[in-house]
2 protein chains.
Amino acid sequence: MVAHGRDVKLRRRPQLSEEVAAHLRERIMSGQVRPGEYLRLEHVAEELGISVTPVREALVALRGEGFVQLQPRRGFIVSPLSRVDVQDVFRVQADIAGELASRAATVITDEQLENLETIQGQLDMLHTTGASVEQEALNHEFHRQINSVSESRKLAWFLATAVRYAPLSFYGEIHGWTRASREDHHAVLDALHKRDPDAARFSMHRHITHAGDLLVEHLDKLGVWSEES
Amino acid sequence: MVAHGRDVKLRRRPQLSEEVAAHLRERIMSGQVRPGEYLRLEHVAEELGISVTPVREALVALRGEGFVQLQPRRGFIVSPLSRVDVQDVFRVQADIAGELASRAATVITDEQLENLETIQGQLDMLHTTGASVEQEALNHEFHRQINSVSESRKLAWFLATAVRYAPLSFYGEIHGWTRASREDHHAVLDALHKRDPDAARFSMHRHITHAGDLLVEHLDKLGVWSEES
DNA sequence: ATCTCAAATATTGTGTCTAATGTTTGATGC
DNA sequence: GCATCAAACATTAGACACAATATTTGAGAT
């Protein structure tokens, strides 16, 4: 039972299918592959220099996330995507994140609050410099902490699937986002400090809505929508 | 052409992995496999008389639905499940179904309304007899119609994933459900007739909440929860 | 001699690949 | 147009490499 040391294996190889899924998500949400297009197993496999098995596995996962549709015996098609669709995803995300923040407000410990303050403090410092990768990580950690406070597994899971619709590097790239985000975060922290569930829900909901609006604008420019009106 | 039938129980029309996924969902939500248990690929494959490939595919899909978790190189574990978890899933389901009903109320056509009335009429007739399989189908169709009126793809998709937490044959088996359902449905129809979004949202939300409460009660008896408190 | 503990070895089971099978689509000939 | 056939491709099976865990073995300490 003795710990065999925490020899950190830095080279922990991620699952191939995970990488493929991330790759395809990115390609879809950046408009490189259009809605209605077929994603051919063999084609993708060849492109990445792997066999079809992990590609198929990735596509099955992506189907579960709503990015592609499976036509049995025919193949995987990129799902239609409209402005309203993305707004809807963020509506769900905002509702659930709000609920989680609300629950967190009633049970959060002083220690957890301090932890959040530390994270936000580091974020605020990075604000001046432009280290967007670390900003991403800290931002993610900030939300992860809040969402884990109430231990609402299923809500957290729903939230996680909604979050996937935002490209990984999105938040670092959007001008003006870091600043708006900072103010939003402080409003959330304030509500948590006061143990005010309604305020926590409201401020978190508003925060996610802000993000969603920016993403829609961003995707607008990329022109990823399937149809226009 | 036709395989020399060994003990072939699985039909060939649907995808194997689909059937496996449904099979495992059912086993999880009926308490036959407990949270924390490993689902071994080969074991499941042998049990169903198929190879491991579609089993793995089904488990990947189930991971996307939150039923199991993947520990890389270790295996698939049945996710924890508490009473609160199921309540949360139904909360999300109720919110989204309410939103979809609300949207439907503002755009539904007379023709679509008449269609719904027909479906509900058939449901009401079956109420006296006990043809639960057909009841299931009609009930499903009733909701499907409403959810498709507003063409909100992503919301409908979220809803679909939440719905999977109810065992397929659940509604037919619960005593008193068909009657309560009938009243709920008529309230929804009434709201749609009046083109009243708020009433549609409210009545649909209540309907789903009713169903959720019954399912929780049902699962309580089965004892599927991972821990008690 | 017995116990402790770690290195060596065996076992189990996933992750990926290759190959066989079946289905769909589109072209070709009638 | 309609049947037939071939190519393309998804789907399933089977095989194997390798990682994670369990078991055994053996050296050193008591």
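**Exercise 1. Which of the 20 residues around DNA strand C come nearest?**

Solution. The model is predicted, so local features need pLDDT of at least 70 and side-chain atom pairs count only at pLDDT 80 or more, while totals for chains, interfaces and linings use all residues. Residues are numbered from 1 along each chain as its sequence is written, and chains are lettered from A and ligands numbered from 1 in the order in which they are written.

Step 1. A residue is near a strand if its C-beta atom, placed from the backbone, lies within 6 Å of it. Around DNA strand C, the nearest are Leu16(A), Ser51(A), Thr53(A), Leu41(B) and Gly75(B).

Step 2. Helices are DSSP runs of H or I with at least four residues, strands are runs of E with at least two, and both are numbered from the N terminus. At least two residues of this surface come from each of α1 (16–29) and α3 (52–64) of chain A and α2 (41–48) of chain B. The largest share, 3 residues, belongs to α3(A).

Step 3. Ala, Val, Leu, Ile, Met, Phe, Trp, Tyr, Cys and Pro count as nonpolar, Asp, Glu, Lys and Arg as charged, and the others, Gly among them, as polar. The surface near DNA strand C then has 8 nonpolar, 5 polar and 7 charged residues.

**Exercise 2. Describe the surroundings of DNA strand D.**

Solution. Step 1. Of the 18 residues around DNA strand D, the nearest are Leu41(A), Gly75(A), Leu16(B), Ser51(B) and Arg73(B).

Step 2. Here α2 (41–48) of chain A and α1 (16–29) and α3 (52–64) of chain B each give at least two residues.

Step 3. The classes are 7 nonpolar, 5 polar and 6 charged.

**Exercise 3. Characterise the contact between chains A and B.**

Solution. Step 1. Two residues are in contact if their C-beta atoms, placed from the backbone, lie within 7 Å. On this basis, 22 residues of chain A are in contact with 22 residues of chain B. On the chain A side, α3, α4 and α7 each give two or more residues, and α4(A) has the largest share with 7 residues.

Step 2. Axes are lines fitted to C-alpha atoms, for helices over the stretch in contact, and angles run from 0 to 180 degrees between N-to-C directions. Helix α7 (residues 153–163) of chain A packs on helix α4 (residues 83–107) of chain B at about 40°, with the axes 7 Å apart. The two helices are therefore oblique, given that angles under 35 degrees count as roughly parallel, over 145 as roughly antiparallel, 65 to 115 as roughly perpendicular and the rest as oblique.

Step 3. Arg153(A), Lys154(A), Leu155(A) and Phe158(A) meet Asp85(B), Asp88(B), Val89(B) and Val92(B). This contact has 4 nonpolar, no polar and 4 charged residues.

**Exercise 4. Determine how α10(B) packs against α9(B) and α4(B).**

Solution. Step 1. The axes of α9 (residues 177–193) and α10 (residues 197–222) of chain B come within 8 Å and cross at roughly 165°; α9(B) and α10(B) are therefore roughly antiparallel.

Step 2. The α9(B)–α10(B) contact has 10 nonpolar, 3 polar and 2 charged residues.

Step 3. α4(B) and α10(B) pack at about 155° with axes 7 Å apart, which makes them roughly antiparallel. Their contact has 14 nonpolar, 8 polar and 3 charged residues.

**Exercise 5. Assess the confidence in chain A.**

Solution. Step 1. pLDDT is the predictor's confidence in each residue, from 0 to 100. Chain A has a mean of 90, with 92% of its residues at 70 or more.

Step 2. For residues 1–11 of chain A, pLDDT stays under 50, and the model has 0 contacts beyond four places in sequence. Where pLDDT is low, the predicted coordinates should not be read in detail.
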